[in-house]
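User: I am new to this structure. Please take one part of it and walk me through that part closely.

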Amino acid sequence: MAVAQHQGRVLRRSVAVACLLAIAASQHGADAFIRVQSGTFVDENCKEFFFSGYNTWQLLENAAGVVGNSGDLTAQFDAAAANNLTVVRMFGFGTAGGFQLQYSPGSYNEKAFQAFDKVISEAGKRKLRLVIAFVNNWDQDSSSDNKKFYVGGGNPDDFYTSASARQAFKNHMKTVTSRKNTITGIAYRDDPTILAWNLINEPRCDAIGCNTDMLSWIEEMAPYLKTVDPNHLVTVGMDGFYDRRSCLAPTGNPSSWAGYTGQDFLPQHAVNGIDYAAIHLWPDNWKRVDLDFGKIWLSNHSANGQLLQKPVVLEEFGKGVGGDLAKGQTESQRMDWYKLVYYLVEQDLEAGTPLKGILFWRWDAVAAAVNSQIGDNALTLATSSDVFQQVVKPFSARVAQRGKTVAGCTPSQGTVSAASIGGGSSGGPGPDFFTAPDSATCCAKDCGTMYGNLEGTPLASATSASASACCDSCKGTTGCSAWNFCYCDLGCAGQPKGTCVLKSMTNAFYPRTQIVGDNAGWIGGVPGQSKITPTWLCQPKGGSTCAADQGASTCSATDLQNSLQCPDNSCNAKDQNVGGDTLVMDVNSNTPTKTVFTAADCCAACKNYGGCNVWTFCNRPEGCSSDCPANVASAKQTGGKTFGPYGGCQGNRFPYQQCTLKNSKDPSKVQVYEAGELQAWTSGTT
Ligand SMILES: *[C@@H]1O[C@H](CO)[C@@H](O)[C@H](O)[C@H]1NC(C)=O
Ligand SMILES: *[C@@H]1O[C@H](CO)[C@@H](O)[C@H](O)[C@H]1NC(C)=O
């Protein structure tokens, strides 16, 4: 590499004498890179480093004079330094108003880059350290930088899967990290003012099961970033949700929708090259303004940090008052939240447990603004506010004095290799330790695999080495019609990992799970059944037809619609539930063996049944609910797509593959059920 990756005071100075520009840098920049050692952040002398700071945005716009004026940036950084805030998290891209760093993949705005240079230079002068996100999930403004332009006109989720999008994103990370600052003369990758990179702010994807796409994206991007910038720390930048199949989802997520965002906190932070785990906390946006949720969220993620053997940082915490977001919330509620969250973080700092800091959301680009109740400004924290003066400022002053020398830490030697930074091969347990078993094995054995704790009467309970071994036990046990295996490291409903429960099902035609909450960490199935996978779904990834893989389906809405298998299109199938007088409640329970596996089967049954002109089929393995408010909220979030995401139903459910035959007086005007009743059903007329 042309530019030596020196770090540390001595080397930095020796470079500086040779170069005028670097002399300027040496007079102000942070002294050396922050590293992770023994599960904590340390400076070059092995003194522990804690995050105490804030989020801000539109810093590039501000530095370029597009938003506010040029004095705002320095005033804000001065205010930070004066209040012992030492870490600033920012977006390394334009957020609005047509001000972009990257116009299109590979095409850059030099004016924005010079603004970036200025932000880093001004931060360095005050020994502030920057956490910088490369891209945003959110498309706040069609002209701002976000993941969308990496996929052209395609589905934004292709950002994670498309080879060209991945390459374009890697090129972007390389361009940014190798950028030579026009003010300091230091390449970004060599500047200790940068504390860490976030790969992406709040990654999301919509396809059911796209958590595996996101994982493989992180597995490619984090190690790649280490090759172009071995000096800086890396984290994902996510909220910290658990995939719905994670055993932590039911108690850990703010609500069931969070299990369908593609995020899966543990495996995605266990990836090599991810040095620390970062989370967000948004009581208002997540509609969890109860303080108990805040306690659980922080204690769960702190405990997770122990498993990962990596530090955890609360990189975004925001609590609003008023505005659309926090309507009806008061200053005193905001105060309670800030007190709780800062207190819990400080407890971890004292105890040496994984939480290592907090960055509140936010200071406006244009100074540390006054409290306002307009839009996102509802979250802006004025320096004059009680919350800032009584909670944030004293915390930051205490944190500035903290930091002992970490036992077992090696002082840095001037140069850093990717492996020594942490998150390398010794960076914690592998990414498999919380994921479900390889369902392909179960499939091959025809175990009818699905996630969850199946309903049925337990016959026996033992320990099995794997899910497929558990299935084998069931096959060899008289009366066993279903099996359940606990794959979760934390155990399942009080049972240890490896527990294999053999069951007799009341009706083995349609295995269904317990209500959500009892399902965590279980995988199960019905031996001999190969059709638990809804065959109307498109082929899941990798060509597998395993039910457990259905989450990895790559189906788009259109694919799903087209795969309903009514070739003559005489079934008018739609993802909806429609009314009519019921003739047969469930075809499958009226026949000695199950005959309806797909929506098309149900349609055919209707055609063959006198008087039937309307049919309804339950197409969700967890069953369909008539009372499922969580799903309705989720459907709204996904633009009204009624087939997903699912989960969270606590009410009565109809079994998977229930096929109801109905008669409608006027099939051209069938009643379409609204809200909770439409979820997970496919219906049509003949
Ligand atoms: C906190 O900030 C003030 C103002 O910049 C400074 O004088 C003080 O030394 C800082 N405290 C610590 C412990 O660094
Ligand atoms: C998460 O919090 C819930 C509620 O306190 C608790 O039951 C669960 O054990 C916690 N999980 C972890 C990993 O700490």
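What is the mean pLDDT of the chain, and what share of its residues reach 70 or more? After that, please look closely at the open sheet formed by 4 strands.

Analyst: This is a predicted model. The chain has a mean pLDDT of 77, and 72% of its residues reach 70 or more. Two stretches call for care. Residues 415-434 have pLDDT below 50; this stretch makes 50 contacts in the model beyond near neighbours in sequence. Residues 626-652 are also below 50, with 64 such contacts.

Now the sheet. Its 4 strands run in the order S18-S22-S19-S23. The pairing is antiparallel, and the sheet is open. Strand S18 (581-584) lies at one edge and strand S23 (681-685) at the other; each pairs on one side only. From one strand to the next, the twist averages 30°.

Take one pair within it. Strand S19 covers residues 614-618, and strand S22 covers residues 659-663. They pair in the antiparallel sense over 4 bridges. In this pairing, Val614 stands opposite Lys662 in S22. A helix joins the picture here. Helix H17 (residues 599-607) packs on the sheet. The helix touches S19, S22 and S23. Its direction makes about 150° with that of S19.

To recap, the strand order is S18-S22-S19-S23, with S18 and S23 as the edge strands and H17 packed on the sheet.

Technical notes. Residues are numbered from 1 along each chain as its sequence is written. Chains are lettered from A and ligands numbered from 1 in the order in which they are written. This is a predicted model: local features need pLDDT of at least 70, side-chain atom pairs count only at pLDDT 80 or more; totals for chains, interfaces and linings use all residues. Two strands pair if DSSP finds at least two bridges between them. Helices (H or I, at least four residues) and strands (E, at least two) are DSSP runs, numbered from the N terminus. Axes are lines fitted to C-alpha atoms, for helices over the stretch in contact, and angles run from 0 to 180 degrees between N-to-C directions. Two residues are in contact if their C-beta atoms, placed from the backbone, lie within 7 Å. pLDDT is the predictor's confidence in each residue, from 0 to 100.
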